[in-house]
Amino acid sequence: QAARNVLEAVVQDEDMASLLKGHMEANLLKYVVDIALADALGDTTKMASDIVRCLEERCLPGEEYGGVVSTLANPKMYAKLLHISVAILHKEESLFNGTMESTKCAFSVHGMHILMARLTQVLSWEGITTSSSAVPKTPTKERKEYFHAMRLTLCKGLMRAFASAQTNSSSEKDGKGGVVEQSLDDEVELMLSPCI
């Protein structure tokens with residue numbers, strides 16, 4: 001909580017806020033603190049959205065970057081953020097009662113796309129899946145099993161994200177309430193489109 005208070009005090013200063021707005025490390029720190037606070041409060045949806053913000057690619061602003069596409073999180077953080085995401089998805093899976101009508105997913109379809117894209121990168125770096133035969137790294141059996149289980153959990157999470165989006169979409173059509181930020185078609189289009 002103290003870190004959040006410090007960040008809020010810094011951001012409330014207009015000069016600092018404008019200076020830090022495009023600063024990647026300051027934004028990353030804000031999201032990591034928010035993830036920790038959301039975890040303490042048990043707010044998995046907030047945790048999920050902040051993890052996705054750390055992992056999604058964006059075109060860096062400013063002339064000094066020259067249109068570089070990057071994530072807020074350093075690539076060395078990908079596996080750790082994926083681990084937290086998988087813990088959220090495991091918790092949801094344990095609460096899943098088997099009916100798609102009542103399924104919930106903290107991650108949107110777009111968020112699951114981001115997680116799977118980062119997992120693909122990590123698997124390649126770990127030498128688990130690669131298109132090149134010149135990988136110097138040979139992963140242990142335990143490491144392979146760990147990432148296989150992670151991939152399976154993400155796939156099941158994607159299934160729940162689609163079902164949850166479909167449930168939200170149909171409840172909005174019926175006039176029963178529920179706010180949908182994007183339609184399922186928009187989510188699929190966003191997932192299949194290039195990240196830039």
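Modeller: Before we start on this predicted model, one term: helices here are DSSP runs of H or I with at least four residues, and strands are runs of E with at least two. Read along the sequence, the protein chain then goes α-α-α-α-β-β-α-α-α-α.

Biologist: How many helices and strands is that?

Modeller: Eight helices and two strands.

Biologist: Okay, H4 and H5. What makes H4 roughly antiparallel to H5?

Modeller: Their axes come within 10 Å and cross at roughly 155°. Angles over 145 degrees count as roughly antiparallel, so that is what H4 is to H5. The crossing is left-handed, by the way.

Biologist: Which residues of H4 and H5 make the contact?

Modeller: From H4 you get Thr 44, Met 47, Ala 48, Ile 51, Cys 54 and Leu 55. H5 brings Tyr 78, Leu 81, Ile 84, Ser 85 and Ile 88. By class, the contact of H4 with H5 has nine nonpolar, two polar and no charged residues.

Biologist: Which of those are the polar ones, and why?

Modeller: Thr 44 and Ser 85 are in the contact, and neither Thr nor Ser is on the nonpolar or the charged list, so both count as polar.

Biologist: And why are H5 and H6 called oblique?

Modeller: H5 and H6 pack at about 130°, with their axes 10 Å apart. The roughly perpendicular range stops at 115 and roughly antiparallel starts over 145, so the pair is oblique. H5 also passes H6 in a left-handed crossing.

Biologist: How many charged residues does the contact of H5 with H6 have?

Modeller: One, alongside nine nonpolar and two polar. Arg 118 of H6 is in that contact, and Arg counts as charged.

Biologist: Now the core. What makes a set of residues a nonpolar core?

Modeller: The residues must be buried, of the nonpolar kinds such as Leu, Phe and Met, and joined through side-chain atoms within 4.5 Å. The largest such core has 36 residues, and those with the most contacts inside it are Leu 55, Phe 107, Met 112 and Leu 115. H3, H4, H5, H6 and H7 each supply at least two residues of this core, and the largest share, seven residues, comes from H6.

Biologist: What does Met 112 touch farther than four places away in sequence?

Modeller: Leu 89, Phe 107, Leu 154, Gly 157, Leu 158 and Ala 161.

Biologist: What share of the protein chain counts as buried?

Modeller: 33% of its 196 residues, with buried meaning under 20% relative accessible area.

Notes. Residues numbered from 1 in each chain as written. Predicted model: local features only at pLDDT ≥ 70, side-chain atom pairs only at ≥ 80, totals over all residues. Heavy atoms only, no water. Buried < 20%, exposed > 50% of the residue type's maximum accessible area, 1.4 Å probe, protein only. Contact = heavy atoms within 4.5 Å. Axes fitted to C-alpha atoms, helices over the stretch in contact; angles between N-to-C directions. Parallel < 35°, antiparallel > 145°, perpendicular 65-115°, else oblique. Left-handed = near helix turned anticlockwise from the far one by under 90°.
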